[in-house]
Amino acid sequence: MIHADNVTIAYPFAEPSVESFSAEIRTGENVLLLGPSGSGKSTLALAFQGILPRSVEAEVSGRLNVFGENPAAKSITEAASQAALLFQDPETQFCMPTVREELAFTLENLRVPADDIEVRMIEALQFTGMLPWIDARIDTLSGGMKQKIAVSCLAAVNPEVWILDEPLSQLDPVSRETVAALLGRIAADPDKTLVVIEHQLNEVMEWVSRGIILNRNGQVTADGSPGRIFYSHAALLEAEGVWLPAPAEAGKKLLRKTEITTAALPVTLREWETFAAAHPITEVLASLPQPKQGGEPSQKPPVLEVKRAASAYGKHTVFENVSFSLYPGEMTALVGANGAGKSTLARVLTGWEPLKKGTVYVNGQDIAGLKPYEIAKTFGIVFQQPEHQFLMPTVEEEIRYGMEIAGWCEEDIVQHTNELLIQFQLGHIRKNHPFRLSQGEKRRLSVAVMVTNNQSILILDEPTFGLDKRNADALFEVLEQCRRRGKAVLWLTHDMDLVYTKAARILALAERTIAYDGSVEAFFNGSMDLEKIGVRLPAVQLMRLKEGDGHA
Amino acid sequence: MANKRLNLRDIVVISFISAVLGVLYLLWVLLGQMVTGIFGPVGGGLMAGFWILAPVICAYIVQKPGAALLAELIAAGTEVMAGSVSAGAVLLLGFTQGLAAEIIFAVFFYRVFRLPVLMLAGMAGTFAAFLTQYMLYGFSQYAGSIVVFMLVTMIISGALLAGWAGKSFADALVKTGVLDRFALGRQYREGQQRNAV
Amino acid sequence: MLEELQTREAFLQQVHPTLKLLSLFTVFFFMIFIYDIWHPLAVLLLTVAAISFLGKVPLKLLLILLLPFALFGFSFVWLQVVFPEERGATVLFYVFHMPVALENIQTGVSLGLRAMVFASWSLLFVLTTSPVSLVMSLIQKWHMPPSIGYGMMAAYRFLPQLRKELVVIRRARQIRGMGSKPRMREWKEAGVPLMAGAVRKAERTALAMESKGFDGSRKRTRYVQMNYKKTDVWFTAGFILFITVVFLLPLS
Ligand SMILES: Nc1ncnc2c1ncn2[C@@H]1O[C@H](COP(=O)(O)OP(=O)(O)OP(=O)(O)O)[C@@H](O)[C@H]1O
Ligand SMILES: Nc1ncnc2c1ncn2[C@@H]1O[C@H](COP(=O)(O)OP(=O)(O)OP(=O)(O)O)[C@@H](O)[C@H]1O
Ligand SMILES: [Mg+2]
Ligand SMILES: [Mg+2]
């Protein structure tokens, strides 16, 4: 089906992004392509469909065959009907205003007879359960719905090879599960071949049968059954900063303590159950990450106080009756389903979106009475799109900027800048334009520029989206430092495993208001109706529960 | 350059840039109408160069035949789709302005995209706008002096607001790296590498 | 709101976009030979009536949209009075020793009304034609290359996002400024990231289009056929009648 022999891909003016990639993917296989950020996964996905080098300039050497032929040599239509591609960015998948027009566009391209288009369109939407939205404007749909429409487009084409570049990113836990299950149905079909790229592996592990691991230079370092390669290449994966599924991560820890040797790490909950049964329960429980303990209540006055706040777009109420406070030195996660209003709330807090009702106090002052630039003195905000915040032509100047404005002396600026460059691993690219950095580097820079000043509240909108494990760990180390220095940190996220281990307090937004405000442990252990909030238990918590059941 | 034909990517990128500019054109029209209403067509003339930004910027970035004309047509099309209340005039002007800028680039065989050529393209664009408006709005009924004065202000505006400002904007854009895969970006990268050596 | 108007169940909305476009340019063409007051006035009133009856567009909205053009139109009047090609003989009164002639006022009013006729026909087109159907008809009937047509659609889809993005960028920069007062230059500086984002989105969209099998060729099937219908015959007949009566029959 896909046959790659010594494929090397280099973009102009750059070192090769993929080096000597060789693999043979057979019909019906479900392959996970894994590697750190920038290892060339998306590049390979484009090459499998022939878009690269047909339309993306790059040097490709070696031999790449899909269905026995070089995809770049085929006609665009033929290549697209054999192998379809789901792109990394849900915002740029579509080119028409409504769902119906988008599907029609796809089918017209493939020259499906006009009379059959309607039928195939409806079938594809039924597959994802999106038929009621057939005439909706795509830009009014939530992130999860958009992703389902993207899957519908692939289903309408019905190709033999499905290439999925981070199909689950930006989805809330419930939607992740739904979309992953949809893809699982395709994976179960012996005639369909899946190549999936993901950072967060828990869901896809249910149906992935083989893993191919790329290292930072885009070379294949391991290829085989996921459980086996996670085991045999554990050290390398750790060094490369690749996320493992939670059971594998815990299994690795467990093995380190005991002398037992195995052939493979568990990758799904089911496998974890049998794996853990071979170990003493205390050891097993100790190998699982602990939820962070909520600190003792702060004695200081709150930096932020929200009282009965309500917000709406036109007639559509996003939330109402929202009240909570943030205290210095607190690490809080804001969770909720796609479209629950997390980003809106973040904007309301910073006085960006006007309040419909209620008040927000920053350091005791009503935010409605402050000018935007005065509010900015109190808030550091990291947006979903880091590029929006960059002002200067080099990384170094970008970091210096805040300190210069604050009027620091040159000596301090130089010293502090160098510290930050090292801390955020940005030293080697200090002279580059911020826009030219990789996604992970941009994210780190955007945080670095926010922690340079003495704003007392730090708000981050999905800070770990698209980051590999090493970058995410580095990021949280810095956030933790900020917290210790007395800042209140609030981050918006869909990643429950991260919430479980990094946050001390959870705010959950559901059914138009704050549905939960309290400690992490009580949130996941308690009687909270998580389904209603649109989240799931973190995998580690499920593993803990399984363990409890197993030994009971 | 081996391939001088516009490909799908060029067209889509030109569409996006021109669509953004088209929205700005619309805002500029409101401003322009106010200025024209108060100071007459001469005051408006000084603003005319802004409407030639799309062909100058896109041709400078892509450096292929047809880019200038296409850019201006799409900018005009965007104005119409976004609900411009003067759709007809906008489409006609879009065509003549884009064509005039295109002719200038063609005269230089699409090889030279230096500041003087870009300014010339801007001036050609405003000149075309002048001719079109002359026909549409009956300028023949006005005193020759004021018409000539208007022409002069429009041409100056074309050189500065379109040629010079357009170039400096594209030059700022190229530093961000998003144009690396277009002619302008490649030239910038090559220049950088030469400096580094 | 615009979208709601464009898709209303009314006569003008059913007319094929290419015919409306053609009629728009025809009116423009005939108008440039007109220098009297009555022709443009008649056309203006007829057009406004057509939009509001045949297009079911509220008259109030139409008048609001035409108001700025009245101001624009007025500039033609005073210009004509102050800088006429040829000063008329029938002097009505003096302003600061400058003679104001009836002929010049007439020409000015005519030119002003002409601008308003252009505006009203443009409104007729814009308020009753949806962008998708316009692009589809241009591709199917006027041989617009599909890559341009669909490229424009993709860019059009991106526009609502643009405004949000601009707000975000400005806000993000204010926060970076950390309490210093915003400067005028900010607007210009925000342009670069805005455009950089647009270029990047455009590139990704182009790849997505190609990945969906779009090769820009005309060889594609048509889910929606933009064919001429009975309404189009009526519209064409009505329009020819209108042109003949107003412009071609010599009115005395
Ligand atoms: N169009 C391009 N031009 C030049 N370099 C590119 C281009 N696209 C990607 N690169 C570079 O090639 C390398 C591989 O990028 P790619 O997008 O394939 O990584 P990835 O494995 O998908 O990473 P991520 O997990 O962050 O999505 C990176 O160093 C990147 O900077
Ligand atoms: N500018 C806007 N105009 C109108 N409605 C909006 C706007 N922005 C968001 N909404 C709507 O408000 C609701 C909340 O959106 P918001 O972006 O705050 O959700 P979110 O919780 O951040 O979701 P996600 O997890 O997908 O980022 C959604 O239903 C959304 O459709
Ligand atoms: Mg990628
Ligand atoms: Mg959000």
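Me: Helices here are DSSP runs of H or I with at least four residues, numbered from the N terminus. Which helices of chain A each supply at least two residues of the lining of the second largest pocket?
Reply: In this predicted model, they are α7 (173-188), α19 (496-502) and α22 (539-551) of chain A. The largest share, 5 residues, comes from α7(A).

Me: What makes a residue part of that lining, and which residues lie nearest the centre of the second largest pocket?
Reply: A lining residue has an atom within 4 Å of a pocket point, and 39 residues line the second largest pocket. Nearest its centre are A:Arg176, A:Gln200, A:Asn202, A:Glu203 and A:Asp497. The space in this pocket is about 750 Å³, and its lining divides into 19 nonpolar, 10 polar and 10 charged residues.

Me: And what does the search of the whole structure find in the way of cavities?
Reply: There are 4 cavities of 30 Å³ or more. They are called cavities because a 1.4 Å probe fits in them but cannot get out. The largest cavity has a volume of about 580 Å³, and the second largest about 80 Å³.

Me: Which chains contribute helices to the lining of the largest cavity?
Reply: Chains B and C do: α1, α2, α4, α5, α6 and α7 of chain B and α5 (59-82) of chain C each supply at least two residues. Among the 32 lining residues, B:Trp51, B:Leu93, B:Gln133, B:Tyr137 and C:Phe72 lie nearest the centre. The classes are 20 nonpolar, 10 polar and 2 charged.

Me: How do you know which lining residue of the second largest cavity is the charged one?
Reply: Asp, Glu, Lys and Arg count as charged, and the list of lining residues includes C:Lys212. C:Lys212 is therefore the 1 charged residue, beside 7 nonpolar and 2 polar. α6(A) gives the largest share, 3 residues.

Me: Why are α3(C) and α7(C) called roughly perpendicular or roughly parallel?
Reply: They pack at an angle of about 90°, with axes 8 Å apart. Angles of 65 to 115 degrees count as roughly perpendicular, and therefore α3(C) and α7(C) are roughly perpendicular to each other. The contact joins C:Pro17, C:Thr18 and C:Leu21 of α3(C) to C:Ser133, C:Leu134, C:Ser137, C:Leu138 and C:Lys141 of α7(C).

Me: Now the open sheet of chain A: what makes β15 and β19 its edge strands?
Reply: Each of these strands pairs on one side only. The order of the 6 strands is β15-β16-β17-β12-β18-β19, with mixed pairing. From one strand to the next, the twist averages 15°.

Me: How do you know that β15(A) and β16(A) pair?
Reply: Pairing needs at least two DSSP bridges, and 4 bridges join these parallel strands, so they count as a pair. A:Phe379 stands opposite A:Ile457 in β16(A).

Me: What would you call the directions of α13 and α18 of chain A against the strands they lie on?
Reply: α13(A) runs at about 150° to β17(A); over 145 counts as roughly antiparallel, so that term applies here. α18(A), touching β12, β16 and β17, makes about 125° with β12(A). That value falls in none of the named ranges, so it counts as oblique.

Me: Last one: what makes β8(A) and β9(A) a pair?
Reply: They are joined by 4 bridges and run antiparallel, and at least two bridges are enough, so they pair. A:Ile213 stands opposite A:Ala222. Their hairpin has 5 residues between the strands, and A:Gly218 takes a positive phi near 75°.

Technical notes:
Residues numbered from 1 in each chain as written. Chains lettered and ligands numbered in written order. Predicted model: local features only at pLDDT ≥ 70, side-chain atom pairs only at ≥ 80, totals over all residues. Heavy atoms only, no water. 1 Å grid on protein atoms, 1.4 Å probe; cavity = no way out; pocket = protein on both sides within 12 Å on 5 of 7 lines; lining within 4 Å. Points joined across faces, edges and corners; volume = space filled by probe spheres on them. Axes fitted to C-alpha atoms, helices over the stretch in contact; angles between N-to-C directions. Contact = heavy atoms within 4.5 Å. Parallel < 35°, antiparallel > 145°, perpendicular 65-115°, else oblique.
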